[in-house]
Amino acid sequence: MVKETHTTSGQISRTENSKKVEDSVVEQAHLLFPAYLNSSHRLFGGQLMMWIDEVAGIVARRHCETRITTAAVDNLQFKEGAKAGEVIVLVGRMTYVGSTSMEVRVDTYVEGMDGIRKSINRAYVVEVAVDENMTPVPVPRLELHTPEQFAEWENGEKRYNFRKKRRQEGF
């Protein structure tokens, strides 16, 4: 049976080729060892960026079920550092899809001994679905069900249009 849902633009999309945000969520945890630290004894930003790219790629791959490539990382906000021995948790989720591209939000937390998480970073990563020749291919639609998902979609659409404008201006 093919279910129909309404998109943010009021259009009806068939869900035979769509997925829910929850279908591709990824959570990854890392214990911070000294090898992951910079000269200030805090988590090295490059290491965190690698983990963010990895999480975003897995989210995108789960969504489109094909090869992906990273096209852009934007809005990477380093809010706080992390120290050796702390547990870092990255959570990635799909926020917006175009015809061949997908935007993934990756939130990074320090998790305390009590399990409480404190946000230290947020990034938005654009992934593109590709075939074996690295040619972009269509991606499934994204089913939105909660007010938060609709808000993320609207903001993702704004970021998409902003990135498109920046490309056109050569920025």
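Which residue's side chain does Arg93 meet in a salt bridge? That pairing has its own close-up below, in a set of views that all come from a predicted model.

**Figure 1. The side chain of Arg93 meets that of Asp107 in a salt bridge.** The N to O distance here is 3.3 Å. Arg93 belongs to strand β6 and Asp107 to strand β7 (residues 101-111), so to speak two distant parts of the chain, linked across 14 residues of sequence. The two partners sit in contrasting surroundings: Arg93 is partly exposed, with a relative accessible area of 26%, whereas Asp107 is buried, at 0%. Both residues also take part in a network of salt bridges, together with Asp74, Glu103, Arg105, Arg122, Glu152, Arg159 and Arg163.

**Figure 2. Lys118 and Glu80 form a salt bridge between a strand and a loop.** Their side chains come to 3.0 Å, N to O. Lys118 is part of strand β8 (residues 117-130), while Glu80 is found in the loop that runs between β5 (67-78) and β6 (87-97), so the pair ties together parts lying 38 residues apart in sequence. Neither end is hidden away: Lys118 is partly exposed at 46% relative accessible area, and Glu80 is partly exposed at 40%.

**Figure 3. Glu111 forms a salt bridge with Arg117.** The closest N and O atoms of this pair are 2.9 Å apart. Glu111 counts as partly exposed, with 25% relative accessibility, and Arg117 also counts as partly exposed, at 33%. For context while you browse these pairs, a search of the whole structure finds 14 salt bridges.

**Figure 4. Five strands build an open sheet with antiparallel pairing.** Reading across the sheet, the order is β4-β6-β7-β8-β5. The edges are taken by β4 (26-31) and β5, each of which has a single partner strand, so one side of each is left without a neighbour in the sheet. On average, neighbouring strands are turned by 25° against each other, direction ignored. At the β5 edge, β5 and β8 pair in the antiparallel sense over 9 bridges, and Phe78 has Asn121 of β8 as its bridge partner.

**Figure 5. Edge strand β4 runs antiparallel to β6.** The two strands are joined by 6 bridges, and the bridge partner of His30 in β6 is Ile88. A look along β4 shows its side chains alternating. Val26, Gln28 and His30 point to one face and are buried, while Glu27, Ala29 and Leu31 point to the other face and are not buried.

**Figure 6. Helices α1 and α2 meet the strands at their own angles.** Helix α2 (residues 147-168) lies across β5, β6, β7 and β8, and runs at about 80° to β6. To find the other helix, return to the sheet of β4-β6-β7-β8-β5. Helix α1 (residues 45-64) packs on that sheet and touches β4, β5, β6, β7 and β8, its direction making about 45° with that of β6.

**Figure 7. The largest pocket has a volume of about 280 Å³.** It is lined by 16 residues, and those closest to its centre are Ala71, Ala72, Val126, Arg163 and Arg167. The elements giving two or more residues to the lining are β5, β7, β8 and α2. The largest share comes from α2, which contributes 5 residues. If Arg163 seems familiar, that is a fair reaction: Arg163 is also one of the residues in the salt-bridge network.

**Figure 8. Glu65 and Met134 have positive phi values without being glycines.** For Glu65, phi is about 55°. Glu65 has its place in the loop between α1 and β5, and at 62% relative accessibility Glu65 counts as exposed. For Met134, phi is near 65°. Met134 lies in the loop between β8 and β9 (141-143).

Notes. Residues numbered from 1 in each chain as written. Predicted model: local features only at pLDDT ≥ 70, side-chain atom pairs only at ≥ 80, totals over all residues. Heavy atoms only, no water. Salt bridge = Lys/Arg side-chain N within 4 Å of Asp/Glu carboxyl O. Helix = DSSP H or I, 4+ residues; strand = E, 2+ residues; numbered from the N terminus. Buried < 20%, exposed > 50% of the residue type's maximum accessible area, 1.4 Å probe, protein only. Pairing = 2+ DSSP bridges. Axes fitted to C-alpha atoms, helices over the stretch in contact; angles between N-to-C directions. Contact = heavy atoms within 4.5 Å. 1 Å grid on protein atoms, 1.4 Å probe; cavity = no way out; pocket = protein on both sides within 12 Å on 5 of 7 lines; lining within 4 Å. Points joined across faces, edges and corners; volume = space filled by probe spheres on them.
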